[in-house]
Amino acid sequence: MAPPHGNETATSRRESRQTRRAVLAGVAAVGALAAAGCTRVATATAARTDGGDLLQRLRAQGVVRLGIAGEIPFGYIDKDGRLTGEAPELAKAVFRRLGVREVQPVPTEFGSLIPGLNSQQFDVVAAGMYVNPERCAQVIFADPDYQMLDSFIVRKGNPKGLHDYRDVVAKKAKFATGTGYAEIQYAVEAGYKESDILIVPDQVAGLNAVEAGRVDVFAGTALTTRAVVRKSAKAEATRAFAPLVAGKPHVDGGAFAFRSAETRLRDAFNVELRKLKKSGELFRILRPFGFTEAEMTGLTAKELCGGGQSG
């Protein structure tokens, strides 16, 4: 999931692994090509105004291709070779209700999900992708199936008293976060110098950095930080909090993404998603992957897109 604000750092561009919050380096290029009429997908999308026929085609063929990014717990292939994760398991439930019997994974790097979707390498992005205005200019989103706050990994007892990004700045703490994480910009917005941020591949590397004393704090999502510290004797996760964006508390939400022309499929997906939320089945699907009731949400894609959501 690309950060809601800002660009990748030079360090993060050198990292090979992208995360759910990775800045999509190819997005700007794809947008530019689309504006120039240089892509087949862009031309086709511009010509379609009827909501698309993908749902009808998926029902006929009986299988939907899911773009996943190999990130636990959002969408991945487990040790037995089975597709799982919160998004694929939800996809199975929703598409079964829509008359599509099977789901097929198409693994890729996170930064390739939107370009891959728009070039028809797969039908839907099922990777727990955060919804933000930059992405909403490229694809359309279902309403979020979860919401997420931030949390820190710190040494046991939180000796520096770090509870939010303002604390990190005020106490001049050594700060780390993951490659392309949204937390990079949240820290910068709080006043932390971007060049001083230690960029590591993921939350496991962040935990190792804290335990080794190379940094005072690692920032990630509340879900991933609390999961990674469970067996640590040296580190703990702080209480979840909302980072400030433009001076206001900000809550992220993750959702399925669709090609901009396919509003019919997106709308049908939303109908079934709302039913699952109302019945409580959504929480039952997500709970095995570490989600709590606090991560269930009534946020809409329109809210998170800032008016940029199509259809």
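**Figure 1. Phenylalanine 175 is a buried residue of the predicted model.** With a relative accessible area of 1%, phenylalanine 175 falls under the 20% cut-off, and therefore counts as buried. Look for this residue in strand 9. Its surroundings are well populated: leaving out residues up to four places away in sequence, phenylalanine 175 touches Phe152, Tyr165, Val168, Glu183, Ala187, Tyr192, Asp196, Ile197, Leu198, Val215, Val217 and Ala219. For a sense of distance, the C-alpha atoms of phenylalanine 175 and alanine 209 lie 9.9 Å apart, with their positions 34 residues apart in sequence.

**Figure 2. Strand 9 pairs with strand 10 and with strand 11.** Let us stay with the strand that holds phenylalanine 175. Strand 9 covers residues 175-178, and three bridges join it in the parallel sense to strand 11, residues 217-221. One contact from the previous view returns here: valine 217 in strand 11 is the bridge partner of phenylalanine 175. Three bridges, again parallel, link strand 9 to strand 10, residues 198-200. There, threonine 177 has isoleucine 199 of strand 10 as its bridge partner. Which helix joins strand 9 and strand 10 in a β-α-β unit? Helix 9, residues 183-190, does so, and the unit is right-handed.

**Figure 3. Alanine 190 of helix 9 is partly exposed.** Here we move along to a residue of helix 9. The relative accessible area of alanine 190 is 28%, which lies between the 20% and 50% cut-offs, so the residue counts as partly exposed. Not counting residues up to four places away in sequence, alanine 190 touches Tyr165, Arg166 and Val169. Tyr165 also appears among the contacts of phenylalanine 175. Valine 245 is 55 residues from alanine 190 along the chain, yet their C-alpha atoms are separated by 8.8 Å.

**Figure 4. Helix 4 has buried residues and, on its other side, exposed ones.** Which residues of helix 4 (residues 54-61) are buried? They are Leu54, Leu55 and Leu58. Viewed down the helix axis, the buried residues sit within an arc of 100°, so they line one face of helix 4. An α-helix has 3.6 residues a turn, so residues three or four places apart point the same way. Gln56 and Ala60 are exposed on the other side of helix 4. The cover over the buried residues includes strand 1 (63-68), helix 5 (86-97) and helix 12 (263-279). Just past the end of helix 4, glycine 62 has a positive phi of about 80°.

**Figure 5. The largest nonpolar core has 39 residues.** Four of them touch the most other members: Leu66, Phe95, Phe256 and Leu265. Helix 5 is the biggest contributor to this core, giving six residues. A second core of 20 residues is separate, and includes Ile114, Val125, Phe141 and Leu304. Coming back to leucine 66, its contacts outside its neighbours within four places in sequence are Leu83, Pro88, Ala91, Val103, Gln104, Pro105, Val106, Phe122, Val124 and Ala126.

**Figure 6. Three loops hold backbone features worth a look.** Most residues other than glycine have a negative phi, and most peptide bonds are trans. The peptide bond from isoleucine 72 to proline 73, however, is cis, with omega near 5°. Proline 73 belongs to the loop between strand 1 and strand 2 (76-77). Glutamine 120 is not a glycine, but has a positive phi of about 65°. You can find glutamine 120 in the loop between helix 6 (113-118) and strand 5 (124-130), and at 34% relative accessibility this residue is partly exposed. Alanine 246, also a residue other than glycine, has a positive phi near 55°. This alanine sits in the loop between strand 13 (244-245) and strand 14 (248-249). Is alanine 246 buried or exposed? Its relative accessible area of 65% is over the 50% cut-off, so alanine 246 counts as exposed.

**Figure 7. The whole protein has 14 helices and 15 strands.** Of its 311 residues, 55% count as buried. Among contacts between residues at least 6 apart in sequence, 72% join residues at least 24 apart. The average pLDDT is 86, and 83% of the residues score at least 70. Please read residues 1-48 with care: pLDDT stays under 50 there, although the model has 109 contacts beyond four places in sequence for this stretch.

How values were computed:
Residues numbered from 1 in each chain as written. Predicted model: local features only at pLDDT ≥ 70, side-chain atom pairs only at ≥ 80, totals over all residues. Heavy atoms only, no water. pLDDT = per-residue confidence, 0-100. Contact = heavy atoms within 4.5 Å. Pairing = 2+ DSSP bridges. Helix = DSSP H or I, 4+ residues; strand = E, 2+ residues; numbered from the N terminus. Right-handed = clockwise from strand over helix to strand, strands pointing away. Buried < 20%, exposed > 50% of the residue type's maximum accessible area, 1.4 Å probe, protein only. Arc of directions from axis to C-beta. Core = buried A, V, L, I, M, F, W, Y, C linked by side-chain atoms within 4.5 Å.
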